[in-house]
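Grab the model and a viewer, and let's work through a few exercises on ligand sites. Try each task yourself before reading the solution under it.

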Amino acid sequence: MSTLLTDIKVIDYKFYVNGQWKESQSGQMIEIQSPYLYEMIGRVQAMEKEEVDEAISLAREVQVEWANTSLQERAKYLYRWADELVNMQNEIAPIIMKEVGKSLKDARNEVVRTADFIRYTVEEALHMHGENMKGDSFPGGSKSKIAMIERVPLGVVLAISPFNYPVNLAAAKLAPALIAGNAVIFKPATQGSISGIKMIEALHKAEFPAGLVSLITGRGSVIGDYLVEHKGIDMISFTGGTNTGEHLAKKAAMIPMVLELGGKDPGIVREDADLVEAAKQIISGAFSYSGQRCTAIKRVLVHEHIGDKLVGILKEEIERLAVGSPEKGNTVVPLIDNQSADFVQGLIEDAIEKGAKVVTGNKRDRNLIYPTLLDHVTEDMSVAWEEPFGPVLPVIRVSSDEEAINIANKSEYGLQASVFTKDINKAFMISNKMETGSVQINGRTERGPDHFPFIGVKGSGMGVQGIRKSIESMTREKVTVLNLSL
Ligand code: NAP
Ligand code: G3P
């Protein structure tokens, strides 16, 4: 592991426009600090508006030709990109680890999952066909009218990704956009942009047409609004926090958007659940990568009759979790920055002040928060509602399914929910009432497999991702009507 680390040099990274790596005229660089090495691992360019304009204007030109190429032709480029990512996994994975503090195994999985995602996206697109409609199925309509409905690209897609999956959640936007015939302006999270740059290096090796994909670096707070409001952007695909998403939605006005935002996924544990299995799923859901997943289980709603038993099992398992540096393959790792750790610590303290019981955890070393289980959490505590994006799990005891459903749905979020029970009828009853995009029965909340639709409702988003759905969101239907003389 240390050999890999010493291989990575602290360098100044360039942005990518017109198929070339360039330095910004601004002369300004943004330092990227590793969340666990506590040192600078590289610097990225703070781009100027004129450079953004150039990238968008080129994208508009190149997109027209790209959309005219055959699907088979576009597929070849994407397959090559997937191959290059796999070839580069030993280079990219340690960078992801250093930049966002994810274990090397998880980082490598992210790269391989991304290559699989790209390949599946191509295959899905190859099997998507249009539709024909005949006029005479409508009263008074004529047989001589036939509508041919196909999907056409939207134009230039702005892809904005978060820090926690800096390669996968970016490629999950680029691949469907490109295969559908769009050009892409990619703005990675600043903490995550070196990983994004490496992903684009793989794309560059696949020799896509120059200017089709550009990578813009710079703080979202500085260039974000400019990008989102730019007249050259035809669609925005955003993944990130709810506040940022809401801000973007106001700025974007009538530009089509898909927003995948925050979550507060509940794990509902019924009296009849297999508690050992439920605890296993809840812990994996809540604590992997320190809970820095939108789909992490972020609260447990347990029936009071089995509360003590479940909390006992959870405590035992949580205390076995490996905590520390991602270089040692730990599950619970330092959070992305100190500010995030302060936020999580604040939630823990607020809960304690209001009467929650610390079952385990509540220990902190800089931005490393030890996995914390809070029992007897009540609705007046912030941790019952806020998304911590950290390793703290509140347990709320309920007296009925109805109470669990009620508390689950009171949340401003609606990403996913898990229900643990042996009663399949009750599971469906709860699932039907859940105001979330997905419900997992006897499993942890998670996005994959990546061809499943992935949906956030309420404060968790707008629109649908998942391979086919992403392609659909980056295209529109176009109808050509044939008027025959029969
Ligand atoms: P974030 O702070 O909202 O940032 C997300 C992206 O938005 C970054 O690229 C950021 O750039 C950019 N940005 C910030 N201000 C902007 C603006 N005014 N205009 C345009 N772009 C702007 O989120 P994060 O901290 O990276 O990720 C954590 C959050 O994302 C959590 O809430 C999590 O639940 C959510 N998330 C959701 C999903 C999902 O699929 N539902 C998946 C992953 C994460 P800078 O980095 O330069 O500020
Ligand atoms: O936070 C990223 C989100 O998309 C979760 O992905 O695969 O960890 O459920 P996953």
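**Exercise 1. Work out where ligand 1 lies with respect to the two domains, and why.**

Solution. Bear in mind that this is a predicted model. Start with the domain bounds: domain 1 covers 11-261 + 462-478, and domain 2 covers 265-450. Next, check which of them give residues to the shell around ligand 1. Both do, so ligand 1 lies between them.

**Exercise 2. Describe the shell around ligand 1: how many residues surround it, and which are the closest?**

Solution. Start with the count, taking residues with a heavy atom within 4 Å. That gives 29 residues, with T190, G220, T244, L261 and E387 the closest. Now sort the shell by character: 12 residues are nonpolar, 12 are polar and five are charged. Then turn to secondary structure. Helix 8 (220-229), strand 11 (235-239) and helix 9 (242-252) each put at least two residues into this shell. Last, look at the pocket: the space that ligand 1 takes up is the largest one.

**Exercise 3. Find polar contacts to oxygen atoms of ligand 1, and say what share of the ligand's accessible area the protein covers.**

Solution. Keep N or O pairs within 3.5 Å. Go through the side chains to begin with: T190 has an N or O atom 2.5 Å from an oxygen of ligand 1, and T244 has one at 2.6 Å from a ligand oxygen. Then try the backbone, where an N or O atom of G240 is 3.2 Å from an oxygen of ligand 1. As for cover, ligand 1 on its own has 910 Å² of accessible area, and the protein covers 85% of that.

**Exercise 4. Now do ligand 2: which residues are around it, and what holds for its pocket, its domains and its polar contacts?**

Solution. List the neighbours: R113, N164, Y165, L169, R293, C294, T295, E446, R447 and F454. By character, they split into four nonpolar, two polar and four charged. Ligand 2 sits in the second largest pocket. Check the domains next: domain 1 (11-261 + 462-478) and domain 2 (265-450) each supply at least three residues of the shell.

On to the contacts, going by side chain:

- Y165: an N or O atom is 2.4 Å from an oxygen of ligand 2.
- R293: an N or O atom is 2.6 Å from an oxygen of ligand 2.
- R447: a polar atom is 2.8 Å from an oxygen of ligand 2.

Finish with the cover: the protein hides 97% of the 310 Å² of accessible area that ligand 2 has on its own.

Note on methods:
Residues are numbered from 1 along each chain as its sequence is written. Chains are lettered from A and ligands numbered from 1 in the order in which they are written. This is a predicted model: local features need pLDDT of at least 70, side-chain atom pairs count only at pLDDT 80 or more; totals for chains, interfaces and linings use all residues. Side-chain values use heavy atoms; hydrogens and water are left out. A polar contact is a pair of N or O atoms within 3.5 Å; within protein, one must be able to donate a hydrogen and the other to accept it, and residues adjacent in sequence count only if both atoms are side-chain atoms. Accessible areas come from the Shrake-Rupley method with a 1.4 Å probe; for residues, only the protein chains shown count as cover. On a 1 Å grid over the protein atoms alone, a cavity is a set of points where a 1.4 Å probe fits but cannot get out, and a pocket is an open set with protein on both sides within 12 Å along at least five of seven lines; lining residues have an atom within 4 Å of a point. A molecule sits in a cavity or pocket if more than half of its atoms lie within 2 Å of its grid points. Helices (H or I, at least four residues) and strands (E, at least two) are DSSP runs, numbered from the N terminus. Ala, Val, Leu, Ile, Met, Phe, Trp, Tyr, Cys and Pro count as nonpolar, Asp, Glu, Lys and Arg as charged, and the others, Gly among them, as polar. Domain bounds come from an automatic or database domain assignment.
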